[in-house]
Amino acid sequence: MRLSRTGREALAGAVLSMACVLALRSLCAVPGETLQPSAPVTSAVTPAAHADPVASYDIDARLDTVAHSVHATGTIEWRNRSTVAVREVFVHLYLNAFKNSQSAFMQERRPGVGRGTGTLREFASMDVKRFSARELGGDDLWKQAARANPELPDDETDFRVPLPAEVAPGQTIHFEVEWDSKLPSIVERTGFQDTFHMVGQWFPKIARLEDDGSFAHFPFHHLSEFYADFGTYDVRIDVPSTFRIAAVGKLVSEKVEGGRRIERYQQADIHDFAFSAWDRFVMRDGMSQGVRVRIWYPPGFDDVAAQELRAAELSLAEYGSLYGAYPYEQLTIVHPPAGAEEAGGMEYPTLITTGGPWYSLRAIGTARGVTIHELGHQYFYGLVATDEHRFPFLDEGLTTFAEGEVLSAGWGAGGLVDLPGLRVDHASIMRWVALEGRNAEVVAQPAERFSSASSYSAHAYMRAGLILITLDRVYPGTVRRSLGTYARKFRFRHPTPDALVREFEAEAGADAAKQLKTAIHERGWIDYAIQSIGCELKRAPFGLFDSPPPRRAVADSYAALDGFRCDVVVARRGTLTLPVDIDLVVEGGSRTRRRWDGVGDTTTLRYEGAAPVDIAVVDPEHRVLLDEDLTNNAVRRLGPARARQVVDGVLYAAQLALSGATP
Amino acid sequence: MSAAAGSPAAGRLWPLRHAPWILLIYATRSIAAFMVGSSFGALATRAIGGWPGGDAALLEPGGLMLSELVRLRMDSLLTLVTHAGLFAIAMVPVGMVTSTLLLVSLCDPRRVMLPETLARCGKHLGPTLVAYLVMTSFQVAIVWFFYMLAELLSLKLTSGLGVRGGDLAYGAIIGVSLIIVWLVSILHDVIRVAIVGRSLRTLPAMAAGWSIARRRWPELLAALWPRAAGAILVVLGSLLWLRHTGMSTSPRLALMALVQQVVAVSLVVLRASWLSRAAEIVGAGASDAVADEGLEYDQG
Ligand SMILES: [Zn+2]
């Protein structure tokens with residue numbers, strides 16, 4: 001049979017189309033996720049197995065999914081862990097941050113800038129019905145409770161509760177508590193959206209008691225997170241039977257009766273509790289390092305959920321080798337539905353929330369990035385448990401650095417973007433965001449001092465991470481090792497920045513530690529540049545010479561001796577002093593590496609050799625990622641090289657565009 | 001009716017007499033593209049031309065220098081991108097002239113001398129421009145209409161089909177609009193061939209084009225299919241090659257540039273081949289259209 005011309009053309013079209021599909025598939029093929037575990041951080045320190053339980057909560061909570069409220073009763077077992085007797089306790093009612101427009105949280109929001117600035121369609125409230133101490137007479141103490149911050153008279157997130165009698169050091173008492181929490185429409189970290197409920201910051205929480213008997217209490221600021229003592233949580237959650245629950249801790253029992261689902265969660269060695277309930281949750285799970293990982297996500301989000309599950313499984317191994325093994329039996333991940341994105345990107349002990357659309361691409365690493373970041377918090381916020389209010393960078397900055405470590409180990413240079421011809425890693429993005437913050441604020445300052453959410457993110461997260469990665473590259477491996485020791489040694493111990501600096505000093509020395517302190521406390525910055533590069537032929541000496549006498553005049557013979565003499569001037573601007581390499585590339589391509597300790601404003605490198613220096617590059621291996629401007633780090637003596645690949649690439653792209661756009 | 005239509009030689013691409021016009025289209029596009037490329041190149045030269053390897057640093061895995069260039073030169077880059085967009089619009093009339101010159105050559109079985117080609121091109125340019133404006137506006141309207149439709153339905157789609165189903169349905173609506181736009185662009189080509197091949201004014205050409213497209217759509221689609229797929233394939237091929245070999249060294253760079261120019265020429269040749277085949281189909285379609293509908297074609 002002979003095909004008509006149309007038939008032949010159609011056949012050719014079909015064959016070529018198939019070839020197109022194959023070409024496209026091979027073009028878009030993304031290399032598989034294979035974790036190349038970096039050398040584990042061997043530390044002489046073994047992390048503590050358990051925390052010192054100070055505040056333990058035993059709660060029965062019933063969620064009304066129509067009124068979006070929780071009615072709860074419970075007992076808080078609390079021990080005076082300080083060295084002095086106390087006559088008061090401070091209690092946080094964080095949910096009241098969303099009670100009205102006058103709370104510190106709402107007042108501090110900068111319209112349109114950052115998280116938690118959306119419209120609050122429904123306000124929240126937290127009403128304590130009873131707060132009595134079994135050992136102190138059993139009277140309701142809440143009648144005497146007063147707002148703890150006179151300078152913020154309208155804020156109801158921080159209460160001082162006077163006690164009728166002293167609680168001696170080491171004495172344990174039991175508070176019997178009953179309260180109602182009305183959830184807000186989804187706002188930052190907590191709230192409801194249709195039938196989806198993210199129940200966070202929902203119970204009266206006793207502020208952490210420091211060694212000296214003072215309470216670390218504070219109003220819920222817009223940019224601040226939390227701080228609390230460790231304890232054991234035993235929580236029974238009661239929801240309609242059609243709902244599924246994702247909660248902090250280990251599920252120890254579940255039953256469905258009378259149209260209600262009641263699940264009981266227990267967990268020791270944690271300092272917060274949150275849960276999510278939804279009647280549309282889908283769940284999948286996996287195992288890694290002996291940890292059961294469960295992800296709860298909306299219908300249709302299977303692919304992005306699989307990405308997150310895989311990221312969590314890979315990073316449990318890597319984090320474990322860096323900062324000590326994850327000590328809990330389970331990790332729960334909640335991927336909130338569309339519209340409830342503000343509930344995503346948050347960490348609670350053993351539970352993290354993520355986010356991203358169902359079509360999140362593997363080539364764009366945002367889904368895994370968020371998962372790895374929030375999981376990283378388990379080792380700093382969760383286990384080391386620093387004061388997130390006073391030193392947010394100790395959590396966010398360290399976690400941002402750690403996130404980069406895991407992304408590099410698992411996904412290499414394509415950690416965040418892995419497209420054909422374009423691979424972008426975490427360090428590049430971190431550097432971009434950090435430098436866009438313009439070093440405007442001190443990194444190691446309390447959360448509420450930051451001027452806006454974007455500045456908070458640029459400094460407490462990204463600049464802190466950038467400082468750490470810079471020091472880790474300049475003093476190779478020292479941050480990595482000292483963080484490994486810090487995370488193990490201070491597990492369950494609530495350290496301050498000094499502890500971090502001390503561990504770093506032990507690894508990298510006093511000079512390096514001084515740079516770290518300048519960078520985090522004094523807005524330290526740095527910019528290396530090649531100032532100039534000049535060469536001339538070496539010539540015989542000429543001029544007036546007295547030795548040996550008598551004085552004689554030697555004329556310039558203009559005769560060249562062997563080779564060239566070049567001077568390269570390198571400059572350092574800024575308040576940080578970091579040792580740096582300088583490469584001198586000689587005509588012909590050979591390289592000489594010089595080292596400058598960075599002390600002083602400039603240094604002049606003298607080079608003598610058979611050929612002149614063509615190119616001078618300061619920090620050729622990009623160790624100083626804090627360097628404010630990398631375009632001035634390299635200079636060519638004879639002028640810049642023409643950007644041929646850019647011309648070619650744009651020319652080709654423009655030709656293709658014009659093929660499509662012009663008739 | 002023009003002498004060309006339906007004659008066996010019409011639509012043959014390969015006679016070398018079309019080559020100058022194909023090269024002209026390639027050359028004008030390349031010059032324009034070079035001007036755009038050079039301005040981006042000047043910016044990159046200034047920013048990172050000091051680094052060993054020059055702008056190869058921009059392609060290094062991790063994207064550090066690329067992100068640095070974009071971060072520090074964002075304003076200039078946005079200006080250049082805006083200029084490039086405006087420049088592409090300015091290239092539309094140029095492209096219209098060069099492609100009409102090619103069409104004049106394609107639609108005539110004889111070798112047409114330069115003065116005559118220019119004269120005919122001048123004559124057809126007006127109707128071609130009007131047809132371009134009409135068809136392009138039509139395409140924009142289609143996309144706008146479907147976009148509004150998708151927006152209007154998006155809440156209903158999401159509540160009925162779930163987030164994923166709703167998004168997919170939204171995408172399908174936009175996809176349908178793009179397919180229609182593509183079909184309209186085929187019709188547009190047929191109309192342009194009718195204008196040049198049969199010396200028609202815009203309206204009669206549109207009527208003729210519509211009539212032919214309706215009757216002979218299987219032939220038209222079959223003719224376009226391999227050529228369009230071929231065009232996509234050569235572009236994908238060049239990208240695949242780039243991905244697997246990388247650039248950065250001079251000989252490779254030169255080879256890559258050569259491959260890219262071969263692709264650019266191929267795109268013009270494939271388009272010429274399609275227009276030539278369209279001219280054949282339009283020629284063949286003229287007789288049945290006249291017979292069936294008694295349309296008057298020779299008003300041009
Ligand atoms: Zn974080």
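**A guided reading of a predicted two-chain model with zinc**

The buried residues of helix α8 of chain A are covered by elements that include α3 (302-323), α4, α5 (392-411), α7 (453-474) and α9 (497-508) of chain A, where contact means heavy atoms within 4.5 Å and buried means under 20% relative accessible area, with exposed over 50% and partly exposed in between (1.4 Å probe, protein chains only). This is a predicted model, in which local features need pLDDT of at least 70 and side-chain atom pairs count only at pLDDT 80 or more, while totals for chains, interfaces and linings use all residues. Residues are numbered from 1 along each chain as its sequence is written, chains are lettered from A and ligands numbered from 1 in the order in which they are written, and side-chain values use heavy atoms, with hydrogens and water left out.

Helix α8 itself spans residues 478-489 of chain A. Helices (H or I, at least four residues) and strands (E, at least two) are DSSP runs, numbered from the N terminus. The 12 residues of α8 reach 16 Å from the first C-alpha to the last, close to the 16 Å expected at 1.5 Å a residue; the expected span is 1.5 Å times one less than the number of residues. Of these 12 residues, 10 are buried, among them A:R480, A:L483 and A:Y486.

Helix α4, one of the elements covering α8, also leads to the metal site. Which residues hold the zinc ion? Its protein donors are A:H373 (NE2), A:H377 (NE2) and A:E396 (OE), lying 2.0 to 2.1 Å from the ion. Donors are N, O and S atoms within 2.8 Å of the metal (3.2 Å for Na, K and Ca); water is not among the atoms, so sites may look incomplete. Along the chain the donors follow the spacing H-x3-H-x18-E. Because A:H373 and A:H377 are 4 residues apart in helix α4 (residues 366-384), about one helical turn separates them. A:H373 counts as buried at 7% relative accessibility, and A:H377 counts as buried at 1%.

The next topic is charge pairing. Side chains of opposite charge can pair when their charged atoms come close. A salt bridge is a side-chain nitrogen of Lys or Arg within 4 Å of a carboxyl oxygen of Asp or Glu, and the count over all chains comes to 60. A:R79 and A:D52 form one salt bridge, with their closest N and O atoms 2.4 Å apart. This pair links distant parts of the chain, 27 residues apart: A:R79 lies in strand β2 (residues 69-79), and A:D52 in the loop between α1 (5-28) and β1 (55-64). Another salt bridge joins A:R573 and A:D527 at 3.1 Å, N to O. Here A:R573 belongs to strand β28 (residues 560-574) and A:D527 to strand β25 (residues 526-539), 46 residues apart. A:R573 is partly exposed, with a relative accessible area of 46%, whereas A:D527 counts as buried at 4%.

Finally, the two chains meet. The contact takes 70 residues from chain A and 83 residues from chain B. Together they bury about 6300 Å², 66% of it on carbon and sulfur atoms; buried area is the accessible area (1.4 Å probe) that two parts lose on being put together, summed over both. A:Q645, A:Y652 and A:P663 supply 13% of the area that chain A buries against chain B, more than any other three residues. Between chain A and chain B there are 4 salt bridges. A:E9 forms a salt bridge with B:R277, with the closest N and O atoms 2.7 Å apart.
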